[in-house]
Amino acid sequence: MARFLHTSDWQLGMTRHYLSKRGDDDPQARFTADRIEAVRRLGDIARQEDCAFVVVAGDVFETHNVSAQIIARACEAMASIDLPVYLLPGNHDSLEPGCLWDGPEFTRRCPSNVQVLRDQAEIQVTDGNGIVIATIVAAPLTTRHPSTDPLAELAKGLEPTQTPRILVGHGQLEGLSGDTREALISRAPLDDAIARGALSYVALGDRHIAWPVNDDHAAIRFSGTQETTSFNEESVGTAVVVDLGDPLTCQTINVGTWLHARVSQEVASGADLQALRDKLNSFDHRDRTIIRYDLHGQVTISQKAELDEIIADYETVFASLEPSENRHDLTLVGDDASLTEADVPGWVRDAAEELSGMCATSEDAVAALTLLHRLVRTEGAGTAPATAHTAEVSR
């Protein structure tokens, strides 16, 4: 029985705009390095699970224009797997004229255990004794935007075989996307080839979420990416250990260390603000967690000041913490807490009253009054003198 590791969509060299450098920290640099480090973990998993080889179903690199450093470090990580590794060009790194695969950096550094699946010729995979344990057929993409199914005709032309055969492809499978225009790969030819014994397994890439999730014997699978890439992915990166036995069995394994997550919270009271703190506190490894939050409801100026403090506190520990562009709809209402009882000069109270009257028509007034509340709260905590800072606000 042959066992191998199915992975895809490494997209090494990927960048994310929300991981811009802040102070001494550079989340983007860590994200880039960890995507490559995850390749080393894939090798650890493959050896621990007694896999004979590794199949990468497309999009090894983010683009053809990744840096020489990314290529060099990626090749070193692939060499460390210490098993045969088969790479399929996908839509991000398609096999086209002038492609990365033919460039001097990759061809010079490509490890001896790595083979690029450049055509549809069948490849024999052997064990340490030279015995053929499986064969691989693949459909490398030759353009970033293919217009035809890369697998249909290939699958139709395969003859039944006693040796386990793996078909490697890249693209969206029909029926998994609400937009049928995104579907590139038809399922019927694949199902037919499996039914007549021409295929044992179809290793797909392009979908960054592992699929299916509740069927250990499904012969058509997406492995998911090794590290999360967007807020549509609700877990860490994954890979699939495949046993080409009878029956075929598969195990999806968590690989990644980064997480994209959404936090949604109704905010209308102090209890809601504490609930938001609790949600943010619930995440482990915050330096590798990317949060997009959407808050709903109505808050007063004083509550907004407390909310701003919460966000400021956690912005320093998460890799990224930012509001959703189209889901965040928090509104501001008249304050239920005045500064009349605060230990501040009278002119500060007068400034607050004036700003309060301007809030309905001025975002700057809202920001200034919110800051004033935060400074008074800070003074109440005994950490800063209010009078010096509030003078700045009043100006």
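Two strands are said to pair if DSSP finds at least two bridges between them, where strands (E, at least two residues) and helices (H or I, at least four) are DSSP runs, numbered from the N terminus. The structure is a predicted model, in which local features need pLDDT of at least 70 and side-chain atom pairs count only at pLDDT 80 or more, while totals for chains, interfaces and linings use all residues. Residues are numbered from 1 along each chain as its sequence is written, and side-chain values use heavy atoms, with hydrogens and water left out.

A good place to begin is an open sheet of 3 strands, which has the order 14-15-17 and parallel pairing. Strand 14 (259-266) and strand 17 (320-323) stand at its edges, and because each has a single partner strand, one side of each is left without a neighbour in the sheet. On average, and with direction ignored, neighbouring strands of this sheet are turned by 20° against each other; the axes behind such angles are lines fitted to C-alpha atoms, for helices over the stretch in contact, and angles run from 0 to 180 degrees between N-to-C directions. Strand 15 (residues 289-296) is joined to strand 17 by 4 bridges, the two running parallel, and S320 in strand 17 is the bridge partner of I290. Across strand 14, strand 15 and strand 17 lies helix 6 (residues 270-281), which runs at about 170° to strand 14; contact here means heavy atoms within 4.5 Å.

Helix 7 comes next. Its 15 residues reach 21 Å from the first C-alpha to the last, close to the 21 Å expected at 1.5 Å a residue, the expected span being 1.5 Å times one less than the number of residues. Several of its residues are buried, among them I301, L307, I310 and Y314, where buried means under 20% relative accessible area, exposed over 50%, and partly exposed in between (1.4 Å probe, protein chains only).

The same helix holds a charged pair, as the side chains of K304 and D308 meet in a salt bridge with 3.2 Å from N to O. A salt bridge is counted when a side-chain nitrogen of Lys or Arg is within 4 Å of a carboxyl oxygen of Asp or Glu, and by this rule there are 18 salt bridges. K304 and D308 are 4 residues apart in helix 7 (residues 301-315), so they are separated by about one helical turn; K304 is partly exposed at 24% relative accessible area, and D308 is partly exposed at 21%.

Another salt bridge links R165 and E122, with 2.9 Å between N and O. R165 lies in strand 7 (residues 165-170) and E122 in the loop between strand 4 (114-116) and strand 5 (123-126), so this pair ties together parts that are 43 residues apart in sequence. R165 is buried, with a relative accessible area of 7%, whereas E122 is partly exposed at 40%. D25, partly exposed at 26%, forms a salt bridge with R30, the closest N and O atoms being 3.1 Å apart. R3, E49 and D243 are linked in a network of salt bridges.

Finally, the cysteines can be considered. A search of the whole structure finds 0 disulfides, a disulfide being a pair of cysteine sulfur atoms within 2.5 Å. The sulfur of C75 is 5.9 Å from the closest cysteine sulfur, in C110, which is too far for a bond. C75 is buried, with a relative accessible area of 3%, and C99 also counts as buried at 3%.
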